[in-house]
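Q: Hi! Could we go through this structure together, starting from a strand and its surface?

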Amino acid sequence: ADFYADSERIRDGIARGASFNVIDLRNGFKADVYLFLPDAFGRTQLERSQRIELGPDLVLPFASPEDLVLQKLRWYRLGGGVSERQWLDALGVLKVQGTRIDRGYLEHWAALLDLADLLAQILEDAGPPGSGS
């Protein structure tokens, strides 16, 4: 009762292997829900996820900042490189994380996911770690 979720979008997301979202009606917080993909990257994402208790009997995995950046770059590329939202979301994560971001992990997976060019560009856009610019 505390959340809004469009059942049709959920069914569609599951059928297409895409995301859907839920909205906490108490505070307007929107959470994107992404399905686990049983490939090497998906398994690594799940292993690196942080489990957070959201309520009684409700513990959910949340993606690491690095995995969120990589996913946003994937969606940016899949969308033809025009989604400012995906780019700005990834850029925001990099700026907030600053020196805490694991660049080695990002570079490793960006190379495997054919995202190295996008990662290099977004790291340049983010500026030096910890600069907040």
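A: Happy to. Let's start with Leu60, which sits in strand β5; strands here are DSSP runs of E with at least two residues, helices are runs of H or I with at least four, and both are numbered from the N terminus. The model is predicted, so local features need pLDDT of at least 70 and side-chain atom pairs count only at pLDDT 80 or more, while totals for chains, interfaces and linings use all residues. Residues are numbered from 1 along each chain as its sequence is written, and side-chain values use heavy atoms, leaving out hydrogens and water.

Q: Is Leu60 buried or exposed?
A: Leu60 counts as partly exposed, at 34% relative accessibility. Buried means under 20% relative accessible area, exposed over 50%, and partly exposed in between, with a 1.4 Å probe and protein chains only.

Q: Which residues form the nonpolar patch on the surface?
A: Leu60 joins Ile52, Leu54 and Leu58 there, with about 290 Å² of accessible area together. β4 (50-55) and β5 (58-62) each give two or more residues to that patch. Patch members have over 30% relative accessible area and no salt bridge; nonpolar side chains (Val, Leu, Ile, Met, Phe, Trp, Tyr) are joined within 5 Å, like charges within 9 Å. Areas come from the Shrake-Rupley method with a 1.4 Å probe, and for residues only the protein chains shown count as cover.

Q: Switching topic: how many salt bridges are there?
A: Ten in the whole structure, a salt bridge being a side-chain nitrogen of Lys or Arg within 4 Å of a carboxyl oxygen of Asp or Glu.

Q: What does Arg48 pair with, say Glu66? How far apart are the closest N and O atoms?
A: For Arg48 and Glu66 they are 2.8 Å apart. That pair links helix α2 (residues 40-48) to helix α3, 18 residues apart. Asp67 also forms a salt bridge with Arg48, at 3.4 Å. Asp67 lies in α3 and Arg48 in α2, so this pair ties together parts 19 residues apart in sequence.

Q: And how accessible is Asp67?
A: Asp67 is at 0% relative accessibility, so it counts as buried. Glu66 is buried too, at 7%, whereas Arg48 is partly exposed at 30%.

Q: Last one: what is Leu94 in contact with?
A: Leaving aside neighbours within four places in sequence, Leu94 is in contact (heavy atoms within 4.5 Å) with Val69, Ile101, Leu106, Ile122, Leu123 and Ala126.
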